[in-house]
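Biologist: Could you take me through one part of this complex slowly? I'd like a close look at the second chain, and then at how its partner meets it.

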Amino acid sequence: MDKSHLFEVYEDLDKRNVVLSFKGDLTSDLLTSILHVIEQKLDRYNEPTPVKRKVFNVLVECLQNLYLHSNINEQEIKDKPSVIVMVAKSDNGYNILTGNVIAKESVKLLSERLTNINRLTKEELKQLYLETLTDGKRSSKGGGGLGFLEIARKSKQKLEFGFVPNNDKTSFFSLNVKITQ
Amino acid sequence: MENLIIKGEAKTPTIDFNYSNGELVISGRSIPENSIEFYKPIIEWLESLKVSDKDKIVLDIKLEYFNTSSSKCILDVFKKLEEIKGVGKDASIRWYYESDDEDMEEAGQDFSAIIKVPLELITVEEL
């Protein structure tokens with residue numbers, strides 16, 4: 001990458017009102033730092049407290065989803081694939097965008113899950129959240145199947161998502177969560 | 001029985017469980033990636049409280065943020081309080097939230113609907 005290309009990337013991000021972007025490996029400490037940076041930015045922009053809380057809450061869940069699920073079968077893929085995170089200002093709030101590489105076999109299930117979440121009303125989302133909260137199931141990594149439900153409840157908007165085939169074994173999963181005032 | 005004190009950090013709450021007066025407080029932020037590990041000693045402490053001679057326990061939840069990994073653990077904490085109440089002790093929860101924090105208010109209502117321990121919602125200007 002030459003220096004003019006890097007500037008193009010910078011300008012493109014700037015045009016899209018990206019306030020934070022990161023591509024690489026997500027560690028627990030980095031996750032803490034990203035949250036800290038965003039909190040400071042939201043303070044500096046004098047965002048109303050409800051917006052700050054929602055952006056923070058959704059970002060926590062999005063980052064922790066990436067953190068817990070980006071570790072796909074490391075035997076098949078030599079290097080742990082990096083993740084991408086962006087927080088961008090929109091006309092009436094913020095967009096939180098995340099992307100990570102997932103195993104091709106996971107696409108169908110994940111797609112169905114998110115499509116189903118998008119079909120639910122506010123009340124149905126709450127019911128499913130409560131059912132999942134009380135189901136007693138835990139993954140070894142500490143996840144409880146509540147992340148996307150929480151994101152959908154907090155965002156109050158449809159989750160935008162997509163899958164791009166990466167190679168014969170993996171796909172790139174992208175998620176855009178909108179937070180509005 | 002000893003008190004349980006854990007200092008809060010960037011992603012974990014302050015735990016101030018006072019055995020002598022039966023006042024237990026969880027405050028700050030609870031957003032660790034894996035909350036099971038963090039909440040383990042808390043659940044264990046509550047288990048010993050169950051068999052102690054303390055007969056009145058009040059748990060104050062004063063959380064600014066909690067993630068979904070923590071929500072199942074918070075439910076586990078509340079379930080322990082149910083057990084404590086089940087052995088004939090007086091156990092109750094006070095759920096504090098900032099007056100403009102609708103999500104935290106709703107979270108308190110959600111928990112209140114699924115647990116069998118009295119949960120009082122208390123609104124404050126600032127936590």
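**A close look at chain B**

Modeller: Sure. Chain B has three helices and six strands, and keep in mind as we go that this is a predicted model. Reading from the N terminus, the elements of chain B come in the order β-β-β-α-β-α-β-α-β.

Let's start with the sheet. The six strands of chain B make an open sheet with the order β1-β2-β3-β4-β5-β6, and the pairing is mixed. At the edges you'll find β1 (4–6) and β6 (119–124) of chain B; each has a single partner strand, so one side of each has no neighbour in the sheet. From one strand to the next, the twist averages 15 degrees.

Zoom in on the β1 edge. There β1(B) pairs with β2 (residues 14–18) of chain B in the antiparallel sense, over three bridges. If you want one pair to click on, take I6(B), whose bridge partner in β2(B) is I15(B).

Now step back to the whole of chain B. Its C-alpha atoms fill a box of roughly 40 × 25 × 25 Å along the principal axes. The radius of gyration of chain B is 14 Å, which agrees with the value near 14 Å for a compact globule of 127 residues. Of those 127 residues in chain B, 37% are buried. As for how the chain folds back on itself, take the contacts in chain B between residues at least 6 apart in sequence: 69% of them join residues at least 24 apart.

On to the partner. In chain A, 24 residues are in contact with 19 residues of chain B. On the chain A side, the elements giving two or more residues are α2 (28–44), α3 (49–69), α5 (122–133) and α6 (147–155). The largest share, ten residues, comes from α3(A). Sort that side of chain A by class and you get eight nonpolar, ten polar and six charged residues.

One residue of chain A deserves its own view: R138(A), in the loop between α5 and α6 of chain A. Leaving out residues up to four places away in sequence, R138(A) touches G144(A) in its own chain, plus I36(B) and K72(B) across in chain B. R138(A) counts as partly exposed, because it has 17 C-beta neighbours inside 10 Å, whereas a buried residue would need 20 or more.

Behind that, chain A has a sheet too. Five strands form an open sheet in the order β1-β2-β3-β5-β4 of chain A, with antiparallel pairing. Here β1 (18–24) and β4 (160–165) of chain A are at the edges with a single partner strand each, so one side of each lacks a neighbour in the sheet. Ignoring direction, neighbouring strands of this chain A sheet are turned by 15 degrees against each other on average.

Inside the chain A sheet, have a look at β3 (residues 93–103) and β5 (residues 170–180) of chain A, which pair in the antiparallel sense over eleven bridges. One of the residues to pick there is G93(A), with T180(A) as its bridge partner in β5(A). Finally, α2(A) packs on this sheet, where it touches β1 and β2 (83–90) of chain A, and its direction makes about 170 degrees with that of β1(A). That brings us back round to the interface, since α2 of chain A is also among the elements that give two or more residues to the side touching chain B.

How values were computed. Residues numbered from 1 in each chain as written. Chains lettered and ligands numbered in written order. Predicted model: local features only at pLDDT ≥ 70, side-chain atom pairs only at ≥ 80, totals over all residues. Contact = placed C-beta atoms within 7 Å. Helix = DSSP H or I, 4+ residues; strand = E, 2+ residues; numbered from the N terminus. Nonpolar A, V, L, I, M, F, W, Y, C, P; charged D, E, K, R; others polar. Pairing = 2+ DSSP bridges. Axes fitted to C-alpha atoms, helices over the stretch in contact; angles between N-to-C directions. Buried ≥ 20, exposed ≤ 12 C-beta atoms within 10 Å, placed from the backbone. Rg over C-alpha atoms; globule rule 2.2 N^0.38 Å.
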